Amino acid sequence: MTMRSALTALLLLAATACSREPARSPMPPAPTVPDIHSFARPAEARVTHVALDLQADFTARVLRGTATLSLARAAGAKEVVLDTRGLKVRGVTDEAGQPLTHRLEPEVTYLGQALVVTLPPQGDRVTVQYETSPDAAALQWLTPAQTAGKVHPYLYSQGQAILTRTWIPTQDSPGIRQTYEATIRAPRPLRVVMSAEMTTPDGVEAADGHRAFRFRMDQPVPPYLIAIAAGDIAFRSLGPRTGVYTEPAVLDSAAHELVDLEKMVAAAESLGGPYQWGRYDVLVLPPSFPFGGMENPRLTFATPTILAGDRSLVSLLAHELAHSWSGNLVTNATWGDFWLNEGVTTYFENRIMEALYGKDRALMLAALGRAEVLRDMKDMPPADTALVLDLANRDPDEGMNQVAYEKGAALLHTIEQAVGRDRFDPWLRGYFNRHAFTSITSQEFATDLRQELIRGDAALEARIALPSWLEQPGMPAVAAVPQSPAFTQVDAQVARFTGGSAASALEVGGWTTQQWQHFLEALRTTPLSPARLRDLDATFGLGASGNSEVLFGWLRIAVARQYDPALPALEHFLTAQGRRKFLRPLYDDLMQSPWGQPHARRIYAAARPGYHTVAAQTIDGIVK
């Protein structure tokens with residue numbers, strides 16, 4: 001065992017003990033770099049465990065109650081500094097229930113307010129009594145009309161990147177890992193789920209028509225992975241350690257789509273090593289969820305836009321599952337190193353898809369990702385196309401783009417190609433083991449790669465050219481380029497159609513979703529008359545497709561060509577779901593022309609109340 005491995009084991013043991021018996025815990029080391037998106041001073045006093053006791057008020061749209069924080073204190077520490085944003089702090093007490101002096105510092109853009117608590121001479125726990133704001137950015141409160149069942153309200157959270165501070169007063173930094181437990185009360189018959197072990201899955205009766213649900217997470221996680229949902233939620237098992245939660249009306253389709261979940265876990269373990277989180281369940285959320293998925297431990301939150309009916313979009317679940325190793329087990333220490341989460345995960349996802357569905361599908365996915373990031377890079381500031389980002393005075397969401405995902409994945413594909421899987425796979429598995437339950441920087445990644453894989457091989461170092469990935473803009477010249485034979489077939493049909501052939505003459509039998517994506521993207525910048533667009537839509541039913549990726553590709557073509565007959569499908573798509581991946585490009589496309597601008601403003605005015613704050617903040621900057 002290395003020195004770091006021993007330290008990791010000790011920290012994990014301390015954190016686990018803290019969750020079960022919150023006695024004085026040893027001082028864990030401070031993060032290796034400061035986090036510019038947190039007010040915390042972890043070298044002085046660091047949160048190691050959070051115990052929540054909250055009640056969900058769906059009428060007021062708030063959570064209210066307490067957060068009891070267990071601390072590791074340096075000798076002489078007189079204060080603990082917490083991150084908050086929009087919280088109504090009612091009071092702070094020590095272990096004996098005695099009031100503690102505290103203050104909220106002035107608000108800082110993006111970051112919120114520091115809550116500074118004066119610590120007593122003795123004691124390692126403080127309790128904050130508080131209430132969230134009705135417009136807390138992490139929480140979306142849905143009316144019954146916004147759900148599939150149309151009967152009960154719904155609540156869900158989204159903590160990444162720095163939104164957990166809008167519902168929990170803690171040190172909201174990915175470098176400050178914490179265990180947690182929670183008691184959440186919600187009105188009957190709603191069910192509460194969290195990203196933790198559910199110790200009372202069906203709840204226990206509480207006062208005032210509520211049920212109490214209890215949860216425990218004994219493994220230290222970054223705060224953005226503390227997640228909650230409450231609503232009319234049903235469950236179906238998919239395997240010994242997998243299952244799906246969702247509204248009853250969606251349960252059959254979700255279970256059908258995710259039938260391979262248990263196989264995915266096994267495939268992931270063959271590359272990353274044993275799954276270390278117990279269960280792996282998926283919660284399919286209402287349509288307003290702003291992301292494809294969120295890798296909350298034990299319980300991935302997923303958009304219903306993956307329910308295509310033919311399991312063609314399950315790569316998203318492979319991605320979120322892969323985060324159980326890259327992101328959850330080994331986490332970026334700050335948001336400037338976001339690629340450590342997403343780039344490694346995107347590579348890992350591709351390997352899972354290859355293991356389950358074959359090399360052709362994996363190559364298509366990799367080729368689509370490369371093409372997308374190269375397109376995006378053309379419109380980005382050069383500095384933002386490096387993997388290591390400077391996010392000073394910026395919302396960390398600005399770094400959450402395809403560069404982190406696809407350029408990061410391309411780096412790992414390039415390393416794999418340089419050394420072969422016989423060497424690469426053991427290194428990757430060892431990387432997860434060496435850094436398990438820690439948060440690291442790009443420099444620590446580079447050190448690990450050089451010490452454990454490159455090992456002084458100057459030719460290999462030059463072939464990988466690591467600085468060109470981490471520090472330089474654009475895609476490095478040494479990058480591995482995925483070549484998909486299936487796309488060669490598609491290109492031939494694109495040439496036929498653009499050469500004048502009718503859509504009905506195209507040979508598209510047996511095409512996968514990925515081939516349709518490639519086909520539609522190739523046509524997006526091609527001049528097409530209204531008659532040619534009608535031919536495409538009438539032949540293939542693109543505007544009525546139940547596959548969100550295919551429909552999205554068609555709508556981008558229609559907007560680029562200012563094709564009025566597609567407007568009803570466009571309006572329905574933009575109002576029926578809130579996935580930012582789809583919203584941002586379509587609104588941006590609309591705002592590029594005098595034809596599209598009034599449509600964008602009209603549709604957004606109707607759709608915005610149903611979007612999550614994360615999506616609305618993004619679209620607010622587009623539709624003006």
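In this predicted model, R455 sits in the loop that runs between helix α9 (442–454) and helix α10 (458–464). Although R455 is not a glycine, its phi is positive, at about 50 degrees. Because its relative accessibility is 59%, above the 50% cut-off, R455 counts as exposed. The points below set this residue beside other backbone features, a buried asparagine and the overall fold.

**Backbone features in loops**

- Q562 is another residue that is not a glycine and yet has a positive phi, here of about 55 degrees, and its place is in the loop between α15 (548–560) and α16 (567–576).
- With a relative accessible area of 39%, which falls between the limits of 20% and 50%, Q562 is classed as partly exposed.
- The peptide bond that leads from Q160 to A161 is cis, with an omega near 5 degrees, and A161 belongs to the loop between strands β9 (154–157) and β10 (178–187).
- R188 and P189 are likewise joined by a cis peptide bond, for which omega is about 5 degrees, and P189 is found in the loop between β10 and β11 (191–194).

**The surroundings of N341**

- N341 is placed in helix α5, which covers residues 339–357, and this asparagine counts as buried because its relative accessible area is 0%, under the 20% cut-off.
- The side chain of N341 reaches the backbone nitrogen of N332 at 2.9 Å.
- When neighbours within four places in sequence are left aside, the residues in contact with N341 are Q160, Y224, H323, S326, G327, V330, T331 and N332; one of these, Q160, is also a partner in the cis peptide bond to A161.

**Overall fold and dimensions**

- The protein contains 19 helices and 22 strands, and its C-alpha trace spans about 80 × 65 × 45 Å along the principal axes.
- For 624 residues a compact globule would be expected to have a radius of gyration near 25 Å, and the protein, at 25 Å, agrees with that expectation.
- Of contacts between residues at least 6 apart in sequence, 71% join residues that are at least 24 apart.

**Burial, surface and charge**

- Of the 624 residues of the protein, 60% count as buried.
- The exposed area of the protein is about 23300 Å², of which carbon and sulfur atoms supply 53%.
- The protein carries 58 positive and 66 negative charges, and the mean positions of these two sets are 0 Å apart.

Conventions:
Residues are numbered from 1 along each chain as its sequence is written. This is a predicted model: local features need pLDDT of at least 70, side-chain atom pairs count only at pLDDT 80 or more; totals for chains, interfaces and linings use all residues. Side-chain values use heavy atoms; hydrogens and water are left out. Helices (H or I, at least four residues) and strands (E, at least two) are DSSP runs, numbered from the N terminus. The radius of gyration is taken over C-alpha atoms; the globule rule is 2.2 Å times the number of residues to the power 0.38. Buried means under 20% relative accessible area, exposed over 50%, partly exposed in between (1.4 Å probe, protein chains only). Contact means heavy atoms within 4.5 Å. Accessible areas come from the Shrake-Rupley method with a 1.4 Å probe; for residues, only the protein chains shown count as cover. Lys and Arg count as positive and Asp and Glu as negative; His and the chain ends are not counted. The place of a charge is taken as NZ of Lys, CZ of Arg, CG of Asp or CD of Glu. A polar contact is a pair of N or O atoms within 3.5 Å; within protein, one must be able to donate a hydrogen and the other to accept it, and residues adjacent in sequence count only if both atoms are side-chain atoms.
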